[in-house]
Structures are given as C-alpha cells and as structure tokens.
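Please open the model in your viewer and keep the sequence beside it. The stops below move from one selection to the next, with a short account of what is found at each.

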Amino acid sequence: MVFELDPDLPPKLAPLAWLAGRWRGLGVVGYPTIESSNFAQELEISHNGRPFLYMRSRTWLLDSAGNQVRPLATECGYWRVLDDGEIELLLAHPTGIVELYAGRREAERPVIELATDGVMRSPAAKEYTAGKRMYGLVDSKLMWVMDMAAVGQPMSPHASAQLERAE
C-alpha cells in the first residue's frame, strides 16, 4: 500500500502524516502484576485542519478463541509537533490518569519514541508514575509498544499491538 499525504493536513503535521487513519488489529497486554492476555484494538487518528491530530483508542479483551470478552482500556488525546520538531502526545484515560509524552520522530524512518514528561492522577486512580511508547510503520502496519512504571513496579513492558489500516 502506498501512503498518500492528505492535502488538507497542515504542513506542520507532515512528520506525523503516516499515523493518520483508522487502524484495527491485535495485541498483547501483561505486566509483572497481571497475567498476559490478547486484545483487539481500534485506533482512529484524524485531524480537522488545525495543527494537531486527534487520537481515540479502544481495546477489548479476547478469549482463547479470539472472541471479544469485555472492554479493556480506552484513551483519547492529541498529537502535536512543536516548532523545534519535538513531538507531544497528550492522553486522557477514564480511569483518572492524564499523561503528557514528549519525544522525537526518527529522521530516516516513520518511528516515534516518547516518554512521559508528566503524569497526573485522580485520588481514586491506580498508582502510575511513568510510561514509554514507541510507534512505527512497518510494511504498512502500525506497530506500537508501551512500557510503564506502576503499582510499585519499575519500568516494564506492558502492551504492544500490530494494526492494519481499516477502510
């Protein structure tokens, strides 16, 4: 699949153009405090002509046959490209957590590495102190991984997925 740049995309967002679209696929979630499980994900990344991308992600736990069992995580947020080329990802979770990630895109390939610059939690939210994410486009597939430090655990792998463009 050849990726075509959206002519309505603000020029400032060109480093993120490959992220835009609707994506679906499968992933794995686990942590030292939870058993590994498979999940399905729908991810939509879009723009309205302003200099940011809007992101909405929903996931569902899958059983061993690949059937959806129940909803898992959901998050929404915004991707921004700053004047110095730094990339920000602002995310809100209905569990009472808000994250601000900062990072950069690799110059030669569509890969973005981010780390939390700030985490806010409501008094009722689980302890979560830091995260790292990487997003990349490989063979027209959106791959991502997330590590986190939470519930007394050091930074550890948490989730990853491989998504394909959905029409």
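Is Lys12 buried, partly exposed or exposed, and what is its relative accessible area? With a relative accessible area of 37%, Lys12 is partly exposed; please keep in mind throughout that this is a predicted model.

**First stop: Lys12 and Asp83**

Keep Lys12 selected and add Asp83, for these two form a salt bridge in which the closest N and O atoms are 3.0 Å apart. Lys12 belongs to the segment before strand 1 (21–31), while Asp83 sits in the loop between strand 4 (68–81) and strand 5 (87–93), so the pair ties together parts that lie 71 residues apart in sequence. Asp83 itself counts as exposed, with a relative accessibility of 75%.

**Next: other salt bridges**

How many salt bridges does the structure hold? There are eight salt bridges in the structure, and a few further ones can be visited in turn.

Select Arg80 together with Glu88, whose side chains meet in a salt bridge at 2.7 Å from N to O. Here Glu88 is buried, at a relative accessible area of 13%, whereas Arg80 counts as partly exposed at 34%.

Move on to Glu106 and Arg109, where the side chains also meet in a salt bridge, with 2.4 Å from N to O. Arg109 is partly exposed, its relative accessible area being 44%, and Glu106 is likewise partly exposed, at 25%.

Then select Arg24, Glu42 and Arg58 as a group, since these residues are linked in a network of salt bridges.

**Last: strands 7, 8 and 9**

Now colour strand 7 (residues 111–121) and strand 8 (residues 128–138), which run antiparallel and are joined by five bridges. To see one position of this pairing, pick Glu113 and look for its bridge partner in strand 8, which is Met134. Following the chain from strand 7 to strand 8 leads through a hairpin of six residues.

Add strand 9 (residues 141–150), which runs antiparallel to strand 8 and is joined to it by 10 bridges. Within this pairing, select Gly131 and then Met148, the residue of strand 9 that stands opposite Gly131.

Which residue takes a positive phi in the hairpin of strand 8 and strand 9? That residue is Asp139, with a phi near 50°, in a hairpin that has two residues between the strands.

Key:
Residues are numbered from 1 along each chain as its sequence is written. This is a predicted model: local features need pLDDT of at least 70, side-chain atom pairs count only at pLDDT 80 or more; totals for chains, interfaces and linings use all residues. Side-chain values use heavy atoms; hydrogens and water are left out. A salt bridge is a side-chain nitrogen of Lys or Arg within 4 Å of a carboxyl oxygen of Asp or Glu. Helices (H or I, at least four residues) and strands (E, at least two) are DSSP runs, numbered from the N terminus. Buried means under 20% relative accessible area, exposed over 50%, partly exposed in between (1.4 Å probe, protein chains only). Two strands pair if DSSP finds at least two bridges between them.
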